[in-house]
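Please examine the model shown below. The paragraphs that follow lead through its pocket, one of its sheets, its nonpolar core and two residues in loops.

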Amino acid sequence: QVQIVESGGGLVQPGGSLRLSCVASGNLFSVNAWAWYRQPPGKERELVATLNDGNTVTYVDSVKGRFTFFRDSAKKVFLQMNGLEPEDTAVYLCQADQIATRNGPLYNYWGQGTRVTVSS
């Protein structure tokens, strides 16, 4: 089994920063592709950023220049969020994809999410 756990959320003032982390554990060798999604209150889930096995990163336009998605290890990634705005308030969810295991690849595992609130 594979578990995905996010952490690092919290309450921050506009203009502040947070660093979210996402860790994969269990019977796996590595995670080759990752994504962060977010779901604002009362709204649909949206894709925030992706990181593929070639370390290419993509961002939704609204976070470009403010968020940085990077790999710490084969099983851990971070989302550095600077210049936070009230519109960034959401539950942030990590998706692990292309998971290498002894029994073959797994796809599309999700964490439970970490809440980010940007408010003065």
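**Pocket, sheet, core and loops**

In this predicted model, the residues that line the largest pocket comprise five nonpolar, four polar and one charged. The pocket holds about 160 Å³ of space. Its lining is formed by Gln1, Val2, Asn27, Leu28, Phe29, Thr101, Arg102, Asn103, Leu106 and Tyr109. With Asp, Glu, Lys and Arg counted as charged, the charged member of this lining is Arg102.

The description now turns to a sheet. Four strands form an open sheet in the order β1-β3-β8-β7, and their pairing is antiparallel. At its edges lie β1 (2-7) and β7 (67-73), each of which pairs on one side only. On average, neighbouring strands of this sheet are turned by 15 degrees against each other, direction ignored. In general, the strands of a sheet pair through backbone hydrogen bonds, in either a parallel or an antiparallel manner. Between β1 and β3 (residues 18-26), which run antiparallel, there are six bridges. Within this pairing, Ile4 stands opposite Ala24 in β3.

Which elements give two or more residues to the largest nonpolar core? This core has 28 residues, and those with the most contacts inside it are Trp34, Trp36, Phe67, Phe69, Leu79, Met81 and Tyr92. The elements that supply two or more residues are β1, β3, β4 (30-39), β5, β7, β8 (76-81), β9 (90-101) and β12 (114-118). Of these, β9 provides the largest share, with five residues. In soluble globular proteins, nonpolar side chains tend to be buried together. The strands of the open sheet, β1, β3, β8 and β7, are among the contributors to the core.

Two asparagines in loops deserve separate attention. Asn55 has a positive phi of about 65 degrees, although it is not a glycine. Its position is in the loop between β5 (46-51) and β6 (57-59). Is Asn55 buried or exposed? The relative accessible area of Asn55 is 47%, so this residue is classed as partly exposed, given that exposed requires over 50% and buried under 20%.

Asn108 likewise is not a glycine, yet has a positive phi, of about 60 degrees. This residue is found in the loop between β10 (104-106) and β11 (109-110). With a relative accessible area of 42%, Asn108 is also partly exposed. Two residues of the pocket lining, Leu106 and Tyr109, belong to the strands that flank this loop, β10 (104-106) and β11 (109-110) respectively.

Note on methods:
Residues are numbered from 1 along each chain as its sequence is written. This is a predicted model: local features need pLDDT of at least 70, side-chain atom pairs count only at pLDDT 80 or more; totals for chains, interfaces and linings use all residues. Side-chain values use heavy atoms; hydrogens and water are left out. On a 1 Å grid over the protein atoms alone, a cavity is a set of points where a 1.4 Å probe fits but cannot get out, and a pocket is an open set with protein on both sides within 12 Å along at least five of seven lines; lining residues have an atom within 4 Å of a point. Grid points are joined across faces, edges and corners, and a volume is the space filled by probe spheres set on the points. Two strands pair if DSSP finds at least two bridges between them. Axes are lines fitted to C-alpha atoms, for helices over the stretch in contact, and angles run from 0 to 180 degrees between N-to-C directions. Buried means under 20% relative accessible area, exposed over 50%, partly exposed in between (1.4 Å probe, protein chains only). A nonpolar core is a set of buried Ala, Val, Leu, Ile, Met, Phe, Trp, Tyr and Cys residues joined through side-chain atoms within 4.5 Å.
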